[in-house]
Amino acid sequence: MALVASWLPPTREHWELITYLWQFFPLFTVVQWFNDFYPQGKTSIPSRFNIPGKIAWAVMETPGFVCLLYCMFTIPATQGIEKLPAANWLMAALFSIHYIYRAIISPLFLNPSMSPIHPFILISALSFQVINGTCIGGHLAGYGASTQEDWAGAMIRIQVGLLIFLAGFIGNMWHDDELREIRRVAARKQKQKAKVQGEKGKEGKVDKVYEVPENGLFRLILYPHFFCEWIEWCGFWVIGGWGCVPARNFVINEMTTMIPRALSGKRWYIQRFGKEKIGSRRAVIPGLI
């Protein structure tokens, strides 16, 4: 059953159009290089329209893998495909695992707290996820490689790409947890202080606490979780092959929207902690940016 006739899941013609247009997404990120407005996380702003961070994050990040899986289970029948290659399901699984962690496990179960998110960010991120998930899902569901023969001779490429993906995924989770640890330490201190002072109700609340992380790649860059995520998706692209246009678009689109965010974040860190504290750290790519 189509959720949106001929668009979700998309027909081949509409999928090709969406995938073609999606490669121009970086043009829309140009404004980010000249504007630090990003009402989320450490740069969240007071607004009556703000949505609780954990809820907003789950809502805006979940549609990507949902759309991908929806395409995987609906498009093959329309193309006369009885069974998709195992490599297609491998890529779908990797994409889904990343976003189950990122959209559900991380915000709802691991993060001690999250700043409110403005609806502008939620709508923008949700739109990105729907389009990106549809592009990649359509490719994996039969509009791209659809037979075992299409993957002939790709075993080494798949293995190399998988190792790159896993290295990035592990690095992404590890550096995420370093940021969480700052909040966890703050929560323990606040709980202890509230206990000593007898402040009821204060124990369960975690105030905003920001520090400059010192471990892992944080010694070199301020946003290693961004950097590691790019490594993940480069590995994903390697698995799909040079001709996997949706995977290539994903890598480029993520980098073009996240680099200016990291640079803006570096300016925020310098303003809050001073140049001396930040030292020689780059924003997001060791030794370069």
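Q: How do the axes of α5 and α8 sit relative to each other, in distance and angle?
A: In this predicted model, the two axes come within 9 Å and cross at roughly 155°.

Q: Roughly parallel or roughly antiparallel, then?
A: Roughly antiparallel: angles over 145 degrees fall in that class, so α5 is described as roughly antiparallel to α8.

Q: Which residues make the contact?
A: From α5, the residues are F128, N132, C135, I136 and H139. From α8, they are P246, F250, N253 and E254.

Q: And what is the make-up of that contact by class?
A: The contact of α5 with α8 has five nonpolar, three polar and one charged residues.

Q: Switching to the interior: how many residues are in the largest nonpolar core?
A: That core has 38 residues, and F95, W233 and F236 have the most contacts inside it. The elements giving two or more residues to this core are α1 (12–22), α3 (63–78), α4 (86–110), α5 (119–143), α6 (155–197), α7 (224–240) and α8 (245–273).

Q: Which of them gives the most?
A: Helix α4 does, with seven residues.

Q: What is F236 in contact with, leaving aside neighbours within four places in sequence?
A: F236 is in contact with M91, F95, I136, F165 and A247.

Q: What does the second core include?
A: The second core is separate and has 15 residues, among them I278, A283, V284 and I285.

Q: On to charges: how many salt bridges are there?
A: The count comes to nine salt bridges.

Q: What about R102, which partners does this residue have?
A: E61 forms a salt bridge with R102, with the closest N and O atoms 2.8 Å apart. E61 is in helix α2 (residues 53–61) and R102 in helix α4, 41 residues apart, so this pair links distant parts of the chain. E229 also forms a salt bridge with R102, at 3.1 Å between the closest N and O atoms. E229 lies in helix α7, so that pair ties together parts that are 127 residues apart in sequence.

Q: Are these three residues buried or exposed?
A: Both E61 and R102 are buried. R102 has a relative accessible area of 18%, and E229 counts as buried at 1% relative accessibility.

Q: And where does R188 fit in?
A: The side chains of R188 and E181 meet in a salt bridge, 3.2 Å from N to O. R188 counts as partly exposed at 47% relative accessibility, and E181 counts as partly exposed at 29%.

Q: Which residues are joined with that pair into one network?
A: Salt bridges that share partners join R188 and E181 with D177, R180 and R184.

Terms used:
Residues are numbered from 1 along each chain as its sequence is written. This is a predicted model: local features need pLDDT of at least 70, side-chain atom pairs count only at pLDDT 80 or more; totals for chains, interfaces and linings use all residues. Side-chain values use heavy atoms; hydrogens and water are left out. A nonpolar core is a set of buried Ala, Val, Leu, Ile, Met, Phe, Trp, Tyr and Cys residues joined through side-chain atoms within 4.5 Å. Buried means under 20% relative accessible area, exposed over 50%, partly exposed in between (1.4 Å probe, protein chains only). Helices (H or I, at least four residues) and strands (E, at least two) are DSSP runs, numbered from the N terminus. Contact means heavy atoms within 4.5 Å. Axes are lines fitted to C-alpha atoms, for helices over the stretch in contact, and angles run from 0 to 180 degrees between N-to-C directions. Angles under 35 degrees count as roughly parallel, over 145 as roughly antiparallel, 65 to 115 as roughly perpendicular and the rest as oblique. Ala, Val, Leu, Ile, Met, Phe, Trp, Tyr, Cys and Pro count as nonpolar, Asp, Glu, Lys and Arg as charged, and the others, Gly among them, as polar. A salt bridge is a side-chain nitrogen of Lys or Arg within 4 Å of a carboxyl oxygen of Asp or Glu.
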